[in-house]
Structure formats: C-alpha cells, structure tokens
Amino acid sequence: MSSVKKVTLKSSDGEIFEVEETVAMESQTIKGLIEDDCADNAIPLPNVTGHILSLVIQYCKEHTSSSDSNSSKSNEKLKAWDTQFINVDLNVLFDLIMAANYLNVKGLLDLTCQTVADMIKEKTPEQIRAMFNIVNDFTPEEEEEVRRENAWAFEISLKNNNVVDTFEVEESMAKELQTIKNMIEDNYTDSVIPLHNVTSDILELVIEDCKKHVEAAESESEPSYSLASKLIDDPLKA
Amino acid sequence: MSQSKMSNSGSKWRWGRRWRSCRLRLSSNNNLPSLPEELLEEILVRLPVKSLLRFRCVQKSWSTLVQNPTFIAKHLRHHQTKTKNPSILVEGMDKEGNFKYLLQSHPDEGGGVRIVDFKGDSMGRLFTLRPLTSMFACINGIICFSGVFRGHYGFVLWNPAIRKGKVVSYPNPPDCPAHFVRIRSCHAFGFDQNSNDYKVVRVVEHRKKSVENSITRYRSYFFVYSLRADSWTQIFGTPVQHNNIKLHSRCDEIFFNGFHHWIGSLNSEPGDSYDHHIIMSFDMSHEVFQIIRFPDMFFPNKTLAVFNDCLACIVYGINEYIDIWVMREYGVEDSWTKQLVVGHLLGIQRPLQILGNEEILLVDEKKTLVLYNIGSQEMKILQRTGYPKIFMPTQAFGYVESLVSFTGGDVFES
C-alpha cells in the first residue's frame, strides 16, 4: 500500500481537514507553503470557514483527478460538474470568491467570478447597488449626465411568452403600463420583463399606443393612464 | 425610497392577483459579504460592454474604472482569450461595386447576421465615398476605414460596441517629385502596445517611367497618425525609398505582434522584373520599416495571416491543397516552416483569414464566404440568411467587443 502524502488544513472556526498533497497544491498559496517546508503541522487558514473550505477542497479534488492521465473525465463532464457545484446561495458564492482569491485557486476564482458576472449582466444599476452594498455618490444631475452619455445601454427589453420577440423600449414608455410601472418602481425586476399572457402582436400594439400616450402626455398636463390600463386588462384576459 | 415602501405594503394583494403568472425576482439580501475592490474588478472585467456602460452610474469609482485604460486593456485581453467563437466582421461588394459590411456571430453561437449600415445611421450621413483601394481594418474591437467624410478625405475610427467614433482627415498631399506622377495611397491601421496607442500609417506612392530602359521607378512618402497625440508626423529614411518597392493592394496585409505587414514587389537591380515578393513590415512602436523575405516556393498566391501566434503565409493556387507556412521565429527568414497542409478543398477561390487557430475563412468559387474547421475538416457556409443577395466578400476579421474610446477632434456618436 503506497502512502499518499497528506497535509492538514485548519479553518478559521477550528475545523480540521486532512487532504492529499496533490489536491492541496491546487491552491498556489498552500503549494508555496509546502514548498517552503512550512507545512509540517496543520496549516491555519484564518480567512476561510470550515464550510467554505470543504467546498474548496471538493473543487480541488475534482479538478486534480481530471488532470490525471488515468482519469477519463471529459471536458463536458467537468463543466457539468462545475455548473452543479456552483449552484449555491449568493452568500456562499461571495465567500467562495474570497476564498479562491486568498488560497489562489485560479480555476475556482474564474468559475465563481464568471458566475456572478453572468448573474448581474442584465441588472439595473439600482439592483447592483443593493447587491454590493454600494451607496450612490452621484448627485441626481451627475447621474443623469452619465446615463445620457450611454442612453442606449439602458433600454429595457420586453419578451413575449415564447421568448421569440424582444422589444426594447425606453423606460418612460414601459412605465405607461401600470403593471410594469409598479415592478420597475419597486426595483423588483431584472432588465428583461417576461409577459406570459401577452403575444407579440398584441404587445406591439400596446407599445405603439403607449408611445402615442407618452408623446401626448408631454404636451398635455395629465397623463392618460386610463386608456393604457384598459388595453392591459384586455390582452391579459386573452 | 419611502414611496416605494408604501406601494410595497399596499400592493401585496394585487401581486397575488396579477403577478402569479409573471416571473418575479426579489432582491432582498443585504447579508452579503462586502467584496474588496480587486475582486469586484475580477467580476466587472467579465461583463459585456453594454452592461459596463450601464453600470457606470452605480457609483463614481465604477464610472472612472470603466474609462481607465488599464481596466480597458484587461477587459479586452480577457475577452480576446476567453472568447472561443468570435464574431466575424465581413466586408464585401455588391454588383455596383459598393462596399457593404456585416457583423456575423460565429456559426456555433447562432450565426445571426447584422448589417452594419454606415449609410443608415448618423455616421453614415457623414460618409459619402469610398475609393476601391481604401483601407478597412479591425483591431481590438475598433473598426478603421477610410473615405470621404463631410468633404474631407480621411478615415474613421469606430467602436460599434460603445457606439462612438472619430473622424480624422489625411494631411495635405506632399508636392510631387519632379517627373513623377502620384498614383495612389496605401494605409494601415495598427496598435502600439508599448504606448497603448492606435496608429494609422499613410503611404503616398509616386511613379516615374525612365526613358532609357522601361524600368518603372517608385517613390513613396510616409505619414503616421497617433491617436494619443491626435496628430500626423512624416517619416523619412525607409527601405522603400532605397529599394524601389511597390506595395500590393489592400488584401495582402496583416497586423501582427505590433507590426503591420504588406506584401510588396522588390526590384533592387536594374533589369530585374518585379517578381520578387517581399514582406514590408512597419513597427508601430518604433515607427520603422523593415523587409522580410519569403522562400521562393511561395508560389503563386499568398495571403498573410496569423497562426499559432506566429506570422503565417497561406500559399495556394496550384492544386486543391492549401499550405500554411509559419515564421517560427519572428523576423528570422530561415525560420519559415511549412506547418500544415490543409485539404482536400474543392472549389476554393481564395483564403481570407485564419480565425483562432482552428478555422480558416475562405471565399469559394461561387464567391461565397465559408468557414473551414481544420480539426474536424468541416466546411460551413457562412453566407446564408441575412446576407445581401449579391455580395462578394473581400475581407473578413474576427471581432471581439472592447471599451476603447476616443477623445479630441471630430468625435461622434452612432
């Protein structure tokens, strides 16, 4: 029986993990410590909790065995495993990003950051601020200026039930639709708003009508929501 | 904020009635750990251009970051290396000789075609004429092409991803040398990685017929434009002056490794005919010209390309095979090696470009654009739905979005 060299890792909350050296070396940080002969006793990792560390070790195990010449793990299988693995709460995902950075596990950092990027790319700036605890330090005028410089990047997409047609409309027109207006003002939607009960030709008519109402409203004093909401009720019943 | 809180509590019943069939995503949270700045940057660098432009208004530091040249370079580098199936930018001609442009997503990503209509949008209105031999190039997500804009003959730098561009006029033509006649100009677009600057080279060629024998002499003037300096300078003392080189037309060019390369014909001895093909390279950083020779077996037709991170030459025209030669060590003429023979390809007229390291863009006999995968030996017809009816492809580039922006002078939005 060949003895496999193992290292001991200790998480911030005192959990002990015994890991094969080859697996632990997926972390460039740990690899450095081993090569510098600092790994005789348990390696303390004060920045990583036991729960997160166990996940990181899982990742390293899976990816070490895949680079083994005897392993038959194909790229697709590994990708499928990664997709399953990364399906965690946002809290855990953020912790994994920090752990992957601290432990210098390049593949895991790439996977976690890409996952968050894919998650946020369609979001609005307000949702981003909420997610990352960011305080808006623009004055309303400054923010308006920045928005205007790239106004086309803010267009909202409305999708019909079959995800066939996407319509990009300006936020002011989408607000004409009371229903969508509420969703927008409550910041409870992503940039793509699916409307399950409306087909694309009806949606086109509604948008056309809203456009007219917005133009009319800009020259009158009161917006005519009533006609718009009437139209909403009809197709929604369809 | 308080307004939305009110509607929140009052509308719960309404949501139950109306929203049941609509998809909702609640962004409650706020127990999320705070990510340090360099990790936030790791996430931002992976976002598409449109998202980053929208997120500029999240907070001031993000707006600054998106315009920071270091971040822009990092973002570009990431997307250039990670994009497995880049989009393809195609230039072609209709039957009247007008140029048409399209951006096509890679066949493995859907192959959807978007006509890039320069005439239709605000930039197109500036743009009135394009001579047949003018420049069209694409580097780092920036498209560069020359033409007549608002009455000025010059070129445009255009970044379609951020929908911004810049018009630059050519400098006034120099006086023609005695007994010479001006024939045409060549241009090249390139990137100087040492100073993170985009440059355009303009070569103005003159020709004179000698009386005693029928050797034609050429003389050229060289100008370089720097985007950073937003100005032109003239370059003197190039090998072209001394060696009487005639540059070939626009399709035999490539930008690689910080150098622009033209194929040209060299006649160094009186009495020689113009049969020796050479590569003339221009170092974008040091602004110097150099000559690189081909082995004699590169016959009859050549296209310059990039393959496996080396300067390559696609040699074709004898049979149904294509030879890909690589200059293993850049600048070392002895290091030309036949890397690959691709075939058996029937009905190919001309190779255009190598995409990544796996695929070749070609024009077939029917003047259709096709994509050939070297590994799988599969030929995919790109020129399908979405292309204009009569369209003869002349150039094609891989295209990846970038954030690179322009300042000063004639900047416009499209």
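**Two chains, their helix packing and selected residues**

B:Asp323 is found in strand β20 of chain B, which spans residues 322-327. The model is a predicted one. The relative accessible area of B:Asp323 is 18%, and buried means under 20%, so this aspartate counts as buried. Its side chain makes a polar contact of 3.5 Å with the side chain of B:Lys338. B:Lys338 also appears among the residues in contact with B:Asp323 once neighbours within four places in sequence are left aside. The others in that set are B:Cys313, B:Ile314, B:Val315, B:Leu340 and B:Val341.

The chain around this residue can be described next. Chain B has seven helices and 27 strands. Of its 414 residues, 52% count as buried. Among contacts in chain B with a separation of 6 or more, 51% are between residues 24 or more positions apart.

Chain A has twelve helices and six strands. It has 238 residues, and buried residues make up 43% of them. For contacts in chain A with a separation of 6 or more, residues 24 or more positions apart account for 59%.

The helices of chain A give a starting point for the packing. Two packed helices are described by the angle between their axes and the distance between the axes. In chain A, the axes of α5 and α6 cross at roughly 145° and come within 8 Å. The crossing of α5(A) past α6(A) is left-handed. On the α5(A) side, the residues that meet α6(A) are A:Leu90, A:Leu93, A:Phe94, A:Leu96, A:Ile97, A:Ala100 and A:Asn101. On the α6(A) side they are A:Leu108, A:Leu109, A:Thr112, A:Cys113, A:Thr115, A:Val116 and A:Met119. Sorted by class, this contact has eleven nonpolar residues, three polar residues and no charged ones.

Helix α6(A) also takes part in a contact with chain B. It covers residues 106-120 and packs with α3(B), residues 37-44, at an angle of about 65°, the two axes being 8 Å apart. Angles of 65 to 115 degrees count as roughly perpendicular, and α6(A) and α3(B) are therefore roughly perpendicular to each other. Their crossing is right-handed. The α6(A) residues in this contact are A:Leu109, A:Cys113, A:Val116, A:Ala117 and A:Ile120, and they meet B:Leu39, B:Glu42 and B:Ile43 of α3(B). By class, the contact has seven nonpolar residues, no polar residues and one charged residue. A:Leu109, A:Cys113 and A:Val116 of α6(A) meet α3(B), and these residues also meet α5(A).

Which residues of α3(B) are buried? They are B:Leu39, B:Leu40, B:Glu42, B:Ile43 and B:Leu44. What covers these residues comes from both chains, including α5 (90-102), α6 and α7 (125-132) of chain A, together with α4 (49-54), α5 (60-67) and α6 of chain B.

Helix α6 of chain B, residues 69-82, contains B:Ala73. This alanine is partly exposed, with a relative accessible area of 26%. B:Ala73 and B:Gln234 are 161 residues apart along the chain, and their C-alpha atoms are separated by 28 Å.

The loops of chain B hold three further residues to look at. B:Ser402 lies in the loop between β26 (392-399) and β27 (410-413). Is B:Ser402 buried or exposed? Its relative accessible area is 1%, so it counts as buried. A polar atom of the B:Ser402 side chain lies 2.8 Å from the backbone oxygen of B:Asn140. Not counting residues up to four places away in sequence, B:Ser402 touches B:Val49, B:Leu76, B:Asn140, B:Gly141, B:Asn159, B:Ala161 and B:Ile162.

The other two loop residues are picked out by their backbone angles. Most residues other than glycine have a negative phi. B:Arg163 has a positive phi, near 60°, and is not a glycine. B:Arg163 sits in the loop between β7 (152-159) and β8 (164-169) and is partly exposed, at a relative accessible area of 36%. B:Lys367, which is not a glycine, has a positive phi of about 60°. Its place is in the loop between β23 (359-364) and β24 (369-373), and at 35% relative accessibility B:Lys367 counts as partly exposed.

How values were computed:
Residues are numbered from 1 along each chain as its sequence is written. Chains are lettered from A and ligands numbered from 1 in the order in which they are written. This is a predicted model: local features need pLDDT of at least 70, side-chain atom pairs count only at pLDDT 80 or more; totals for chains, interfaces and linings use all residues. Side-chain values use heavy atoms; hydrogens and water are left out. Axes are lines fitted to C-alpha atoms, for helices over the stretch in contact, and angles run from 0 to 180 degrees between N-to-C directions. Helices (H or I, at least four residues) and strands (E, at least two) are DSSP runs, numbered from the N terminus. Angles under 35 degrees count as roughly parallel, over 145 as roughly antiparallel, 65 to 115 as roughly perpendicular and the rest as oblique. A crossing is left-handed if the near helix is turned anticlockwise from the far one by less than a right angle, and right-handed if clockwise. Contact means heavy atoms within 4.5 Å. Ala, Val, Leu, Ile, Met, Phe, Trp, Tyr, Cys and Pro count as nonpolar, Asp, Glu, Lys and Arg as charged, and the others, Gly among them, as polar. Buried means under 20% relative accessible area, exposed over 50%, partly exposed in between (1.4 Å probe, protein chains only). A polar contact is a pair of N or O atoms within 3.5 Å; within protein, one must be able to donate a hydrogen and the other to accept it, and residues adjacent in sequence count only if both atoms are side-chain atoms.
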